[in-house]
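Reader: I'm new to reading structures and would love a close look at one part of this one. Could you pick a spot and walk me through it slowly?

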Amino acid sequence: MTTSESRGAHRRKTGILVHGYNLHAGQWEDVTWGAPPERIGRVPMGVFLALSEQADVMVFGSGASKKDGMLESEATARLLWERFEELAGFAVFNDRATELNRRSVAGRMRQRIESILHLDRASKNTRDEIAYAGRVFVERDVERVILVSGPTHLPRCLRDACAIYGEDGDMSGLLRELYAAPSVTGYPGYLADDVVIFEPPHRPDRPGADMSRVVARAHDIPENQRERFVRRLDDLLQEFEV
């Protein structure tokens, strides 16, 4: 066996999950695609990683929303194919081709992505996406997983992936190499700093009540009562002068 064959034989298969974004959410195309050269969205970021990491499969989630007869993953794929040649405008792709051979390279890149792209038409939320992609990855013997989403969504994606893959024996191997890669674009009007994280208590120099469990219960409040809850919570925080 030659050295190159030896390296290929031991290459770890890579799977990429590009999380979907609700088709009825604000600025859908801006969040999903972004704007060259620096504001890279989750789809161009997923394609860049698929090419640079020689991914074996890339999953576009999900089926949670539908517009103009297309599910979320289908609309995401359509956006990619319609704007594929515009990928060259993003700075991360600049080293992959010169102006003289850019069209040829774009053609080969497209063939590569077409050969590994898998559309998730079943998932209804982030946890579903992760579980669905996990099953696809296991079926294809993937050993490295990269989650791709916006900086305002990715922390939850990583948390859920750790939980879901850790709870399922068939998918537990995916935890060995689980990575998260943020796009630049996030939820409109919000930054990564706007994501609130309450870790379970773990530092002996910071004793106190477990706020993480209390805060988590807020997710169970019915949608029609959340506004009232927020007003009362704000009153309580003002009472504590915060």
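Author: Sure, and one term comes up right away: a residue counts as buried under 20% relative accessible area, exposed over 50%, and partly exposed in between. Keep in mind that this is a predicted model.

Let's start with a pair of tyrosine rings. Tyr 187 has a relative accessible area of 28%, so it is partly exposed. Tyr 21 comes out at 9%, so that one is buried. Now, how do the rings of Tyr 21 and Tyr 187 sit against each other? The model has four aromatic pairs. In the pair of Tyr 21 and Tyr 187, the ring centres are 6.1 Å apart and the planes meet at 20°, so the pair is stacked; planes under 30 degrees apart are what counts as stacked. Tyr 21 belongs to the loop between strand 1 (14–18) and helix 2 (28–33), while Tyr 187 belongs to the loop between strand 9 (178–182) and helix 8 (211–216), so the pair ties together parts that are 166 residues apart in sequence.

Each of these bits of chain leads somewhere else. The loop between strand 1 and helix 2 also holds Gln 27, and Gln 27 has a positive phi of about 55° even though it is not a glycine. Over by Tyr 187, look for Pro 151: leaving out neighbours within four places in sequence, Pro 151 touches Pro 182, Ser 183, Val 184, Thr 185, Gly 186, Ala 192 and Val 195. Pro 151 itself lies in the loop between strand 8 (144–149) and helix 7. Its C-alpha is 9.7 Å from that of Arg 42, although the two are 109 residues apart in sequence.

From that loop you can follow the chain into helix 7. Helix 7 (residues 154–167) packs against helix 6 (residues 126–139) at an angle of about 55°, and their axes are 9 Å apart. That is why helix 6 counts as oblique to helix 7. Helix 6 makes a right-handed crossing with helix 7. Residues in the contact include Ile 130, Ala 131 and Phe 137 from helix 6, and Cys 157, Ala 161 and Ile 164 from helix 7. Sorted by class, the contact has eight nonpolar, two polar and four charged residues.

One last stop: the loop between helix 6 and strand 8 is home to Asp 141. Like Gln 27, Asp 141 has a positive phi without being a glycine, here about 60°. Its relative accessible area is 52%, so Asp 141 is exposed.

Notes: Residues numbered from 1 in each chain as written. Predicted model: local features only at pLDDT ≥ 70, side-chain atom pairs only at ≥ 80, totals over all residues. Heavy atoms only, no water. Axes fitted to C-alpha atoms, helices over the stretch in contact; angles between N-to-C directions. Helix = DSSP H or I, 4+ residues; strand = E, 2+ residues; numbered from the N terminus. Parallel < 35°, antiparallel > 145°, perpendicular 65-115°, else oblique. Left-handed = near helix turned anticlockwise from the far one by under 90°. Contact = heavy atoms within 4.5 Å. Nonpolar A, V, L, I, M, F, W, Y, C, P; charged D, E, K, R; others polar. Phe/Tyr/Trp six-rings, centres within 6.5 Å; stacked < 30°, edge-to-face > 60°. Buried < 20%, exposed > 50% of the residue type's maximum accessible area, 1.4 Å probe, protein only.
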